[in-house]
Amino acid sequence: MRNKAPFEYTLIRSSRKSISIRVTADCEVVVRAPLFASKKSIEALLCEKAAWIEARLSEMKRLAEDEESSLELSEEEKAELVKKARACLTGRAEYFAPLVGVSYGRIAIRCQKTRWGSCSGKRNLNFNCLLMLCPEEARDYVVVHELCHILEMNHSPAFYAQVERVLPDWRARKKLLDEVGPGIMRRIR
């Protein structure tokens, strides 16, 4: 029987309660569904989420092409990313800080191999310039994550409740960052 969804997908059934859709770094659409979910309901959800899936497929294809053609970032490229990040991430912190309900000290932009951001006990924020190579949703997640550390200097349920209050879809944003991040981080040695 021909697939009625607007693209090919891999279906994995298990004893779960809901249907999830994931676009992998290999540009595959993976659907995880409960054992009892009908193919019709799965494909209806795929059609409903088609625009989101297509956007993710395009982003993953672009990132795969970038990764294949990418070399280590030059000093000039790093300097340009720092400049862009200072403007962009400062603006996003200014936007989200009132929504989180905090104020912060200074913002530093660095080029780091392992961290996307951090927050000091003095309320200073540090962001990785490589965030400028990430999708906007992932960048905003990191900004909100670090701002929420001003309220909770840990990764407790209370901390994630603060993140969720501002970004109800934070899990999807974090997942996106986890998917694209390793390829981006490899551009620094």
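**Exercise 1. Find where helix α6 bends, and check its length and its buried side.**

Solution. Start with the bend: α6 turns by about 35° at E179, and a proline, P182, comes within four residues after that. Keep in mind as you look around that this is a predicted model.

Next, the length. Helix α6 covers residues 170-185, which makes 16 residues, and at 1.5 Å a residue they should span 22 Å. The end C-alpha atoms sit 21 Å apart, so the two values agree.

Last, pick out the buried residues of α6: W170, R173, L176, L177, E179, V180, G181, G183, I184 and M185. Notice that E179, where the helix bends, is on that list.

**Exercise 2. Decide whether L176 is buried or exposed, then trace its contacts.**

Solution. L176 belongs to helix α6. Its relative accessibility is 4%, and buried means under 20%, so L176 counts as buried.

Now look for partners beyond four places in sequence: L176 touches R56, M60, P135 and E137. Follow one of them, R56, which is in helix α2 (residues 50-69). R56 is buried too, with a relative accessible area of 13%. Setting aside its own sequence neighbours within four places, R56 is in contact with V23, E137 and L176. That puts E137 in contact with both L176 and R56.

For a distance to try in the viewer, take C111: its C-alpha atom is 20 Å from that of L176, and the two are 65 residues apart along the chain.

**Exercise 3. Work out the strand order of the sheet that holds β1, and find its edges.**

Solution. This open sheet has 3 strands in the order β1-β3-β2, and the pairing is mixed. The edge strands are β1 (10-14) and β2 (20-23), each pairing on one side only. From one strand to the next, the twist averages 20°.

Zoom in on one pair: β1 and β3 (residues 29-34) run parallel, with 5 bridges. Here S14 stands opposite P34 in β3. Then add the helix: α1 (residues 39-48) lies across β1, β2 and β3, at about 135° to β3.

**Exercise 4. Do the same for the sheet that holds β4.**

Solution. Again there's an open sheet of 3 strands with mixed pairing, this time ordered β4-β6-β5. At the edges are β4 (107-110) and β5 (117-119); each has a single partner strand, so one side of each has no neighbour in the sheet. The twist here averages 15° from strand to strand.

β4 and β6 (residues 125-128) run parallel and are joined by 4 bridges. Within that pair, I107 is opposite L125 in β6. Helix α4 (residues 136-148) packs on this sheet, where it touches β5 and β6, and its direction makes about 155° with that of β6.

**Exercise 5. Name the residues with the most contacts inside the largest nonpolar core, and explore around F127.**

Solution. The largest nonpolar core has 56 residues, and V29, L46, W116, F127 and L147 have the most contacts inside it. Helix α3 (residues 75-100) gives the most to this core, with 8 residues. As background, nonpolar side chains tend to be buried together in soluble globular proteins.

Now centre the view on F127. Beyond four places in sequence, its contacts are L89, I107, A108, I109, R110, W116, G117, V142, V143 and E146. One of these, W116, is also among the residues with the most contacts in the core.

Notes: Residues numbered from 1 in each chain as written. Predicted model: local features only at pLDDT ≥ 70, side-chain atom pairs only at ≥ 80, totals over all residues. Heavy atoms only, no water. Core = buried A, V, L, I, M, F, W, Y, C linked by side-chain atoms within 4.5 Å. Buried < 20%, exposed > 50% of the residue type's maximum accessible area, 1.4 Å probe, protein only. Helix = DSSP H or I, 4+ residues; strand = E, 2+ residues; numbered from the N terminus. Contact = heavy atoms within 4.5 Å. Pairing = 2+ DSSP bridges. Axes fitted to C-alpha atoms, helices over the stretch in contact; angles between N-to-C directions. Expected span 1.5 Å × (residues − 1). Bend = angle between axes of the 7 residues up to and from the residue.
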